[in-house]
Amino acid sequence: SVIGSIMATWSDSRVVSGTVASVSETQVGSNINIPQNQTWLITSIWGAHPQGGTFRLAVDSLPGLNGTYVHSSNNTMGTDAGSASVYPQNFVIAGPAVVQLFTTNAAATSGTAKAMLSYQVTQ
């Protein structure tokens, strides 16, 4: 017999995008929900908009997280989103939790904002 439970671990990422034409902070895409009984080790984050600016990671269960970064790239298609453009991270979010990604553009010109969150899941 097996004593205890077997934990499953894997790596994954989420990409969110949306058209943003404002210099006001705007959520990019939809909420990312971390299910109950899952723990995510956040390993990297990447964000871009053609006008540049900043992006921010918000987690409802981590209200003290600043999570603000300069856009990694102006290339929203992500062709330069290699390891040199990704911000390495190393913190844990235990579910249930809601993760949101925001952009604050440097100019109010319409363009597609994208953001990527990479993580390792333990369930």
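**Exercise 1.** Which residues form one aromatic cluster with Phe55?

*Solution.* Two notes come before the steps: this is a predicted model, where local features need pLDDT of at least 70, side-chain atom pairs count only at pLDDT 80 or more, and totals for chains, interfaces and linings use all residues. Residues are numbered from 1 along each chain as its sequence is written, and side-chain values use heavy atoms, leaving out hydrogens and water.

Step 1: apply the ring rule. Rings of Phe, Tyr and Trp (its six-membered ring) pair if their centres lie within 6.5 Å; planes under 30 degrees apart are stacked, over 60 edge-to-face, and the rest tilted.

Step 2: count. The rule yields 4 aromatic pairs.

Step 3: read off the cluster. Phe55 is joined by Tyr69 and Tyr87.

**Exercise 2.** Describe the pair Trp40 and Tyr119, then say whether each residue is buried or exposed.

*Solution.* Step 1: geometry. Trp40 and Tyr119 are stacked, at 3.7 Å centre to centre with 0° between the planes.

Step 2: position. Trp40 sits in strand S4 and Tyr119 in strand S9, 79 residues apart; strands are DSSP runs (E, at least two residues), numbered from the N terminus.

Step 3: accessibility. Buried means under 20% relative accessible area, exposed over 50%, partly exposed in between (1.4 Å probe, protein chains only). Trp40, at 1%, is buried, and so is Tyr119, at 2%.

**Exercise 3.** How many residues of S4 are buried?

*Solution.* Step 1: count 7 of the 10 residues of S4 as buried, so the strand is largely enclosed by the rest of the structure.

Step 2: look at its neighbours. S4 runs antiparallel to S7, with 6 bridges, and antiparallel to S9, with 9 bridges.

How values were computed:
Helix = DSSP H or I, 4+ residues; strand = E, 2+ residues; numbered from the N terminus. Pairing = 2+ DSSP bridges.
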